[in-house]
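This report describes how two chains of a model meet and how their nonpolar residues are arranged. The structure is shown first, and the description follows.

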Amino acid sequence: MSENLTQPLGETLPGAVLAAPVTDSTGAVLLPAGLSLTAAHLESLQRRGIDMLIVCPPEDPEALARQHVKIRERVMYLFRHTADEPGSQALLHAVLAFRQASGK
Amino acid sequence: MKPPSLDEMIGHVQKLPAMPAVAIEVLQSMAGADIDIGTLARHISQDQVITARVLRVANSPFYGLQSRIGSIHDAIVVVGLSAIRSLVLAASVMSGLPTGRCPGFSQKRFWRHVLGTAVAAQALASPLKRPPEVLFLAGLLHDIGRLAMMVLYPEHFTTVLAAAAAQDCRLEDAERSHFGFDHSEVSAALAQRWNFPADIIDALAWHHRPALGMPGGLAGIIHYADGIAHALDLDQNGESPSQMPSLDQDTVSALGLGWDSLNAVLAETRARFDSYETLLG
(Lines give C-alpha, C1' and ligand atoms only; values in the text may rest on other atoms or scores of the structure.)
Protein backbone atom coordinates (compact mmCIF):
# COMPACT_ATOMS: atom_id res chain seq x y z
CA MET A 1 0.00 0.00 0.00
CA SER A 2 1.39 3.47 -0.92
CA GLU A 3 2.45 5.83 1.82
CA ASN A 4 0.73 9.12 2.59
CA LEU A 5 2.19 12.25 1.02
CA THR A 6 3.27 15.38 2.86
CA GLN A 7 2.98 18.17 0.34
CA PRO A 8 2.73 21.99 0.12
CA LEU A 9 -0.78 23.46 0.17
CA GLY A 10 -0.01 25.22 -3.12
CA GLU A 11 0.50 21.87 -4.86
CA THR A 12 -2.73 20.32 -3.54
CA LEU A 13 -5.70 20.13 -5.87
CA PRO A 14 -9.42 19.93 -5.02
CA GLY A 15 -10.41 16.30 -4.61
CA ALA A 16 -7.31 15.33 -2.63
CA VAL A 17 -8.22 13.43 0.54
CA LEU A 18 -6.67 14.36 3.89
CA ALA A 19 -4.73 11.48 5.46
CA ALA A 20 -4.32 13.40 8.74
CA PRO A 21 -6.36 16.19 10.31
CA VAL A 22 -5.27 19.76 9.70
CA THR A 23 -4.63 21.52 12.99
CA ASP A 24 -3.74 25.08 13.88
CA SER A 25 -0.90 26.22 16.13
CA THR A 26 -2.97 25.42 19.24
CA GLY A 27 -3.70 21.88 18.09
CA ALA A 28 -7.37 22.57 17.34
CA VAL A 29 -8.66 20.51 14.40
CA LEU A 30 -9.55 22.69 11.43
CA LEU A 31 -10.38 19.84 9.04
CA PRO A 32 -10.67 16.12 9.81
CA ALA A 33 -8.79 13.22 8.23
CA GLY A 34 -10.70 11.60 5.39
CA LEU A 35 -12.15 14.86 4.11
CA SER A 36 -12.13 15.36 0.35
CA LEU A 37 -10.77 18.88 -0.09
CA THR A 38 -12.70 21.45 -2.08
CA ALA A 39 -11.39 24.71 -3.56
CA ALA A 40 -13.11 26.55 -0.69
CA HIS A 41 -11.26 24.39 1.89
CA LEU A 42 -7.94 25.13 0.19
CA GLU A 43 -8.62 28.87 0.15
CA SER A 44 -9.64 28.78 3.81
CA LEU A 45 -6.46 26.93 4.79
CA GLN A 46 -4.36 29.45 2.86
CA ARG A 47 -6.03 32.30 4.76
CA ARG A 48 -5.22 30.55 8.04
CA GLY A 49 -1.55 30.27 7.13
CA ILE A 50 -1.45 26.47 6.69
CA ASP A 51 1.38 25.60 4.29
CA MET A 52 1.72 21.79 4.40
CA LEU A 53 -0.85 18.98 4.20
CA ILE A 54 -0.72 15.21 4.61
CA VAL A 55 -2.86 13.65 1.92
CA CYS A 56 -3.68 10.13 0.82
CA PRO A 57 -1.76 8.81 -2.18
CA PRO A 58 -3.54 9.01 -5.54
CA GLU A 59 -5.79 6.05 -6.11
CA ASP A 60 -4.89 3.10 -8.24
CA PRO A 61 -5.97 4.05 -11.81
CA GLU A 62 -7.88 0.81 -12.29
CA ALA A 63 -9.78 1.25 -9.02
CA LEU A 64 -10.52 4.82 -10.01
CA ALA A 65 -11.83 3.70 -13.42
CA ARG A 66 -14.08 1.12 -11.75
CA GLN A 67 -15.39 3.78 -9.39
CA HIS A 68 -16.13 6.09 -12.33
CA VAL A 69 -18.09 3.36 -14.09
CA LYS A 70 -20.08 2.63 -10.93
CA ILE A 71 -20.90 6.31 -10.45
CA ARG A 72 -21.90 6.69 -14.10
CA GLU A 73 -24.23 3.71 -13.81
CA ARG A 74 -25.85 5.15 -10.69
CA VAL A 75 -26.30 8.63 -12.19
CA MET A 76 -27.76 7.21 -15.41
CA TYR A 77 -30.11 5.07 -13.31
CA LEU A 78 -31.33 8.18 -11.48
CA PHE A 79 -31.87 9.94 -14.83
CA ARG A 80 -33.38 6.80 -16.45
CA HIS A 81 -36.63 8.56 -17.42
CA THR A 82 -35.26 12.07 -17.95
CA ALA A 83 -31.77 11.81 -19.49
CA ASP A 84 -33.04 12.91 -22.90
CA GLU A 85 -35.08 15.86 -21.65
CA PRO A 86 -33.62 19.28 -22.47
CA GLY A 87 -34.16 20.58 -18.91
CA SER A 88 -32.02 17.77 -17.48
CA GLN A 89 -28.95 18.07 -19.70
CA ALA A 90 -26.86 20.62 -17.76
CA LEU A 91 -27.47 19.01 -14.38
CA LEU A 92 -26.86 15.48 -15.70
CA HIS A 93 -23.43 16.36 -17.11
CA ALA A 94 -22.41 18.54 -14.17
CA VAL A 95 -23.47 15.95 -11.59
CA LEU A 96 -21.70 13.14 -13.44
CA ALA A 97 -18.44 15.13 -13.58
CA PHE A 98 -18.77 16.29 -9.97
CA ARG A 99 -19.55 12.87 -8.54
CA GLN A 100 -16.76 11.19 -10.48
CA ALA A 101 -14.27 13.85 -9.34
CA SER A 102 -15.37 13.74 -5.70
CA GLY A 103 -15.92 9.97 -5.58
CA LYS A 104 -19.35 10.48 -3.95
CA MET B 1 -61.24 1.92 0.35
CA LYS B 2 -62.10 5.39 -0.95
CA PRO B 3 -59.22 7.88 -0.73
CA PRO B 4 -59.87 11.18 1.07
CA SER B 5 -60.55 14.31 -0.96
CA LEU B 6 -58.17 17.25 -0.77
CA ASP B 7 -60.65 19.06 1.50
CA GLU B 8 -60.83 16.07 3.84
CA MET B 9 -57.05 15.80 3.85
CA ILE B 10 -56.63 19.50 4.64
CA GLY B 11 -59.28 19.18 7.35
CA HIS B 12 -57.13 16.49 8.94
CA VAL B 13 -53.98 18.57 8.46
CA GLN B 14 -55.48 20.99 10.98
CA LYS B 15 -55.14 18.23 13.58
CA LEU B 16 -51.38 18.03 13.18
CA PRO B 17 -49.30 19.88 15.79
CA ALA B 18 -48.55 23.55 15.39
CA MET B 19 -44.99 24.68 14.77
CA PRO B 20 -42.87 24.64 17.93
CA ALA B 21 -42.87 28.02 19.72
CA VAL B 22 -39.16 28.53 19.18
CA ALA B 23 -39.56 28.06 15.43
CA ILE B 24 -42.34 30.65 15.35
CA GLU B 25 -40.12 33.12 17.17
CA VAL B 26 -37.30 32.48 14.70
CA LEU B 27 -39.73 32.97 11.80
CA GLN B 28 -40.89 36.26 13.30
CA SER B 29 -37.30 37.44 13.55
CA MET B 30 -36.79 36.45 9.88
CA ALA B 31 -39.83 38.53 8.97
CA GLY B 32 -38.15 41.58 10.43
CA ALA B 33 -39.81 41.68 13.85
CA ASP B 34 -37.73 43.56 16.38
CA ILE B 35 -36.39 40.68 18.48
CA ASP B 36 -33.43 40.99 20.81
CA ILE B 37 -30.67 38.52 19.93
CA GLY B 38 -29.97 37.74 23.58
CA THR B 39 -33.62 36.97 24.23
CA LEU B 40 -33.86 34.82 21.07
CA ALA B 41 -30.71 32.91 22.07
CA ARG B 42 -32.11 32.32 25.56
CA HIS B 43 -35.38 30.99 24.20
CA ILE B 44 -33.65 28.66 21.75
CA SER B 45 -31.35 27.41 24.52
CA GLN B 46 -34.35 26.29 26.56
CA ASP B 47 -34.82 23.44 24.08
CA GLN B 48 -31.93 21.12 24.79
CA VAL B 49 -32.47 18.82 21.79
CA ILE B 50 -32.48 21.71 19.32
CA THR B 51 -29.53 23.40 21.03
CA ALA B 52 -27.42 20.23 20.98
CA ARG B 53 -28.12 19.59 17.31
CA VAL B 54 -27.42 23.18 16.26
CA LEU B 55 -24.15 23.33 18.20
CA ARG B 56 -23.04 20.04 16.66
CA VAL B 57 -23.33 21.59 13.19
CA ALA B 58 -21.78 24.92 14.26
CA ASN B 59 -18.76 22.97 15.51
CA SER B 60 -18.49 20.84 12.36
CA PRO B 61 -15.58 21.14 9.90
CA PHE B 62 -17.79 23.05 7.44
CA TYR B 63 -17.43 26.20 9.52
CA GLY B 64 -13.74 25.48 10.27
CA LEU B 65 -13.75 27.44 13.52
CA GLN B 66 -10.65 27.57 15.69
CA SER B 67 -12.35 27.20 19.05
CA ARG B 68 -15.34 25.23 20.20
CA ILE B 69 -18.70 26.98 20.44
CA GLY B 70 -20.57 26.15 23.62
CA SER B 71 -23.73 28.25 23.48
CA ILE B 72 -26.40 29.42 21.04
CA HIS B 73 -25.48 33.02 21.80
CA ASP B 74 -21.84 32.41 20.83
CA ALA B 75 -22.96 30.47 17.75
CA ILE B 76 -25.02 33.47 16.59
CA VAL B 77 -22.06 35.80 17.16
CA VAL B 78 -19.49 33.56 15.44
CA VAL B 79 -21.41 31.71 12.72
CA GLY B 80 -24.03 34.39 12.11
CA LEU B 81 -27.70 34.91 12.88
CA SER B 82 -28.83 33.81 9.42
CA ALA B 83 -27.14 30.39 9.53
CA ILE B 84 -28.20 29.69 13.11
CA ARG B 85 -31.82 30.65 12.40
CA SER B 86 -31.87 28.16 9.51
CA LEU B 87 -30.38 25.43 11.69
CA VAL B 88 -32.85 26.08 14.51
CA LEU B 89 -35.75 25.90 12.09
CA ALA B 90 -34.46 22.66 10.62
CA ALA B 91 -33.91 21.09 14.03
CA SER B 92 -37.30 22.19 15.35
CA VAL B 93 -39.22 21.02 12.27
CA MET B 94 -37.46 17.66 12.37
CA SER B 95 -38.01 17.10 16.07
CA GLY B 96 -41.49 18.67 16.27
CA LEU B 97 -43.36 16.87 13.53
CA PRO B 98 -45.11 13.57 14.09
CA THR B 99 -43.76 10.24 13.02
CA GLY B 100 -45.86 7.51 11.53
CA ARG B 101 -45.51 3.97 10.38
CA CYS B 102 -46.01 3.05 6.79
CA PRO B 103 -44.35 0.00 5.22
CA GLY B 104 -41.89 1.09 2.53
CA PHE B 105 -41.67 4.69 3.69
CA SER B 106 -38.33 5.60 5.26
CA GLN B 107 -38.59 8.72 7.41
CA LYS B 108 -34.82 8.86 7.57
CA ARG B 109 -34.61 9.04 3.78
CA PHE B 110 -37.41 11.59 3.75
CA TRP B 111 -35.58 13.93 6.13
CA ARG B 112 -32.27 13.45 4.35
CA HIS B 113 -33.92 14.41 1.06
CA VAL B 114 -35.65 17.53 2.35
CA LEU B 115 -32.51 18.64 4.19
CA GLY B 116 -30.53 18.05 0.98
CA THR B 117 -33.03 20.15 -0.97
CA ALA B 118 -32.83 22.90 1.67
CA VAL B 119 -29.04 22.94 1.47
CA ALA B 120 -29.09 22.94 -2.35
CA ALA B 121 -31.59 25.83 -2.35
CA GLN B 122 -29.34 27.71 0.06
CA ALA B 123 -26.36 27.09 -2.25
CA LEU B 124 -28.38 28.43 -5.21
CA ALA B 125 -29.13 31.65 -3.30
CA SER B 126 -25.72 33.16 -3.89
CA PRO B 127 -25.44 32.90 -7.71
CA LEU B 128 -29.13 33.78 -8.08
CA LYS B 129 -28.93 36.64 -5.57
CA ARG B 130 -31.94 35.43 -3.57
CA PRO B 131 -32.48 35.18 0.21
CA PRO B 132 -30.70 32.06 1.54
CA GLU B 133 -32.76 31.66 4.72
CA VAL B 134 -36.11 31.73 2.94
CA LEU B 135 -34.86 29.29 0.31
CA PHE B 136 -33.52 26.96 2.99
CA LEU B 137 -36.87 26.97 4.74
CA ALA B 138 -38.81 26.40 1.50
CA GLY B 139 -36.51 23.48 0.65
CA LEU B 140 -36.93 22.01 4.10
CA LEU B 141 -40.73 22.12 3.84
CA HIS B 142 -41.25 21.38 0.16
CA ASP B 143 -42.35 17.74 0.72
CA ILE B 144 -43.87 18.19 4.18
CA GLY B 145 -47.30 17.37 2.74
CA ARG B 146 -46.01 13.89 1.91
CA LEU B 147 -45.16 13.31 5.56
CA ALA B 148 -48.66 14.48 6.52
CA MET B 149 -50.26 12.15 3.94
CA MET B 150 -48.23 9.24 5.26
CA VAL B 151 -49.00 10.01 8.92
CA LEU B 152 -52.70 10.71 8.42
CA TYR B 153 -53.50 8.02 5.83
CA PRO B 154 -50.87 5.26 6.15
CA GLU B 155 -53.00 2.61 4.44
CA HIS B 156 -53.62 4.79 1.40
CA PHE B 157 -50.01 5.83 1.30
CA THR B 158 -48.89 2.18 1.35
CA THR B 159 -50.97 1.70 -1.81
CA VAL B 160 -49.29 4.75 -3.38
CA LEU B 161 -45.81 3.45 -2.56
CA ALA B 162 -46.61 0.02 -3.99
CA ALA B 163 -47.99 1.55 -7.20
CA ALA B 164 -44.92 3.77 -7.65
CA ALA B 165 -42.62 0.77 -7.19
CA ALA B 166 -44.62 -1.48 -9.53
CA GLN B 167 -44.83 1.14 -12.29
CA ASP B 168 -41.37 2.67 -11.69
CA CYS B 169 -43.02 6.08 -11.69
CA ARG B 170 -42.45 9.19 -9.61
CA LEU B 171 -44.13 9.13 -6.22
CA GLU B 172 -46.02 12.37 -6.93
CA ASP B 173 -47.52 10.77 -10.07
CA ALA B 174 -48.69 7.80 -8.00
CA GLU B 175 -50.10 10.22 -5.39
CA ARG B 176 -52.10 12.03 -8.08
CA SER B 177 -53.40 8.76 -9.52
CA HIS B 178 -54.56 7.55 -6.11
CA PHE B 179 -55.74 10.70 -4.34
CA GLY B 180 -56.43 13.04 -7.28
CA PHE B 181 -53.88 15.52 -5.89
CA ASP B 182 -50.28 15.34 -4.76
CA HIS B 183 -48.23 16.27 -1.70
CA SER B 184 -47.40 19.77 -2.97
CA GLU B 185 -51.00 20.91 -2.36
CA VAL B 186 -50.91 19.44 1.15
CA SER B 187 -47.50 21.06 1.81
CA ALA B 188 -48.93 24.46 0.85
CA ALA B 189 -51.98 23.92 3.10
CA LEU B 190 -49.74 23.07 6.04
CA ALA B 191 -47.55 26.13 5.44
CA GLN B 192 -50.69 28.25 5.33
CA ARG B 193 -51.79 26.82 8.69
CA TRP B 194 -48.40 27.77 10.11
CA ASN B 195 -48.78 31.33 8.74
CA PHE B 196 -45.71 31.10 6.55
CA PRO B 197 -44.98 33.92 4.10
CA ALA B 198 -46.79 33.85 0.75
CA ASP B 199 -43.59 33.26 -1.25
CA ILE B 200 -42.88 30.05 0.70
CA ILE B 201 -46.47 28.80 0.31
CA ASP B 202 -46.22 29.47 -3.44
CA ALA B 203 -42.90 27.60 -3.69
CA LEU B 204 -44.35 24.57 -1.88
CA ALA B 205 -47.49 24.56 -4.00
CA TRP B 206 -45.69 24.75 -7.35
CA HIS B 207 -42.29 23.12 -6.92
CA HIS B 208 -43.27 20.36 -9.37
CA ARG B 209 -44.95 22.78 -11.81
CA PRO B 210 -42.90 25.97 -11.41
CA ALA B 211 -44.37 27.61 -14.50
CA LEU B 212 -47.63 28.00 -12.55
CA GLY B 213 -46.02 29.73 -9.58
CA MET B 214 -45.94 33.49 -9.03
CA PRO B 215 -43.64 35.31 -11.48
CA GLY B 216 -40.20 35.77 -10.00
CA GLY B 217 -41.13 33.48 -7.10
CA LEU B 218 -39.12 30.72 -5.47
CA ALA B 219 -40.87 27.67 -6.96
CA GLY B 220 -38.36 27.37 -9.83
CA ILE B 221 -35.40 27.39 -7.43
CA ILE B 222 -36.94 24.72 -5.20
CA HIS B 223 -37.78 22.73 -8.37
CA TYR B 224 -34.09 22.73 -9.31
CA ALA B 225 -32.82 22.21 -5.74
CA ASP B 226 -35.07 19.13 -5.49
CA GLY B 227 -33.40 17.82 -8.65
CA ILE B 228 -29.91 18.51 -7.27
CA ALA B 229 -30.70 16.65 -4.03
CA HIS B 230 -31.89 13.62 -6.01
CA ALA B 231 -28.97 13.75 -8.45
CA LEU B 232 -26.42 13.84 -5.61
CA ASP B 233 -28.19 10.92 -3.86
CA LEU B 234 -28.37 12.93 -0.66
CA ASP B 235 -31.30 10.89 0.64
CA GLN B 236 -29.24 7.74 1.01
CA ASN B 237 -26.13 6.03 -0.20
CA GLY B 238 -26.85 5.14 -3.75
CA GLU B 239 -28.95 2.00 -3.43
CA SER B 240 -32.58 3.12 -3.59
CA PRO B 241 -34.86 3.11 -6.65
CA SER B 242 -34.88 6.91 -6.50
CA GLN B 243 -35.32 8.79 -9.76
CA MET B 244 -34.88 12.31 -11.03
CA PRO B 245 -37.90 14.56 -11.38
CA SER B 246 -38.54 15.99 -14.81
CA LEU B 247 -36.90 19.43 -14.90
CA ASP B 248 -38.80 22.22 -16.64
CA GLN B 249 -36.59 23.56 -19.42
CA ASP B 250 -37.91 27.14 -19.30
CA THR B 251 -37.37 27.25 -15.54
CA VAL B 252 -33.83 25.89 -15.83
CA SER B 253 -33.01 28.38 -18.61
CA ALA B 254 -34.43 31.28 -16.59
CA LEU B 255 -32.13 30.40 -13.66
CA GLY B 256 -29.25 31.01 -16.09
CA LEU B 257 -26.62 28.99 -14.23
CA GLY B 258 -23.39 28.50 -16.17
CA TRP B 259 -21.10 25.46 -15.83
CA ASP B 260 -18.85 27.07 -13.20
CA SER B 261 -21.76 28.32 -11.09
CA LEU B 262 -23.47 24.94 -11.23
CA ASN B 263 -20.28 23.17 -10.19
CA ALA B 264 -19.81 25.56 -7.28
CA VAL B 265 -23.43 24.94 -6.21
CA LEU B 266 -22.90 21.16 -6.31
CA ALA B 267 -19.68 21.41 -4.28
CA GLU B 268 -21.23 23.70 -1.68
CA THR B 269 -24.35 21.54 -1.43
CA ARG B 270 -22.31 18.39 -0.84
CA ALA B 271 -19.95 20.03 1.72
CA ARG B 272 -22.76 21.73 3.64
CA PHE B 273 -24.91 18.58 3.63
CA ASP B 274 -22.07 16.51 5.10
CA SER B 275 -22.05 18.86 8.10
CA TYR B 276 -25.78 19.53 8.34
CA GLU B 277 -26.79 15.87 8.31
CA THR B 278 -25.76 15.68 11.96
CA LEU B 279 -29.01 17.61 12.57
CA LEU B 280 -30.81 14.36 11.86
CA GLY B 281 -29.74 13.06 15.25
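## Cores and interface

The largest nonpolar core has 111 residues, and the members that touch the most others in it are Leu91(A), Phe196(B) and Tyr224(B). Helix α7 of chain B, residues 107-128, contributes the largest share of this core, with 12 residues. The structure is a predicted model.

Tyr224(B) has contacts in both chains once its neighbours within four places in sequence are set aside. On the chain A side, Tyr224(B) is in contact with Ala90(A) and Leu91(A). Within chain B, the partners of Tyr224(B) are Leu124(B), Leu247(B), Val252(B), Leu255(B), Leu257(B) and Leu262(B). A second core, separate from the one above, holds 13 residues, among them Val22(A), Leu31(A), Leu37(A) and Ile50(A).

The interface between the chains can be given in terms of area and residues. The size of an interface is often given as the accessible area lost when the parts come together. Here about 2,500 Å² is buried between chain A and chain B, and carbon and sulfur atoms give 58% of that area. Of the area that chain A buries against chain B, 23% is supplied by Leu78(A), Leu91(A) and Phe98(A), more than by any other three residues. Leu91(A) is thus named twice, as one of the residues that touch the most other members of the largest core and as one of these three suppliers of buried area.

The residue counts for the contact are as follows.

| Part of the contact | Value |
|---|---|
| Residues from chain A | 27 residues |
| Residues from chain B | 33 residues |

Polar and charged groups also take part. Between chain A and chain B there are four salt bridges. One salt bridge joins the side chains of Lys104(A) and Asp274(B), at 2.7 Å from N to O. Nine residue pairs are in polar contact across the interface, both residues of each pair being at pLDDT 80 or more.

On chain A, the side that touches chain B draws at least two residues from each of β3 (29-31), α2 (61-78) and α3 (89-102). Helix α3(A) gives the most to that side, with eight residues. By type, the residues on this side of chain A comprise 15 nonpolar, five polar and seven charged.

One loop residue of chain A remains to be described. Glu11(A) sits in the loop between β1 (5-8) and β2 (22-23) of chain A. Is Glu11(A) buried or exposed? Glu11(A) is exposed because its relative accessible area is 58%, and exposed residues are those over 50%. In sequence, Glu11(A) and Leu31(A) are 20 residues apart, and their C-alpha atoms are 18 Å apart in space.

Methods
Residues numbered from 1 in each chain as written. Chains lettered and ligands numbered in written order. Predicted model: local features only at pLDDT ≥ 70, side-chain atom pairs only at ≥ 80, totals over all residues. Heavy atoms only, no water. Contact = heavy atoms within 4.5 Å. Buried area = accessible area lost by both parts, 1.4 Å probe. Polar contact = N/O pair within 3.5 Å; in protein donor to acceptor, adjacent residues only side chain to side chain. Helix = DSSP H or I, 4+ residues; strand = E, 2+ residues; numbered from the N terminus. Nonpolar A, V, L, I, M, F, W, Y, C, P; charged D, E, K, R; others polar. Core = buried A, V, L, I, M, F, W, Y, C linked by side-chain atoms within 4.5 Å. Buried < 20%, exposed > 50% of the residue type's maximum accessible area, 1.4 Å probe, protein only.
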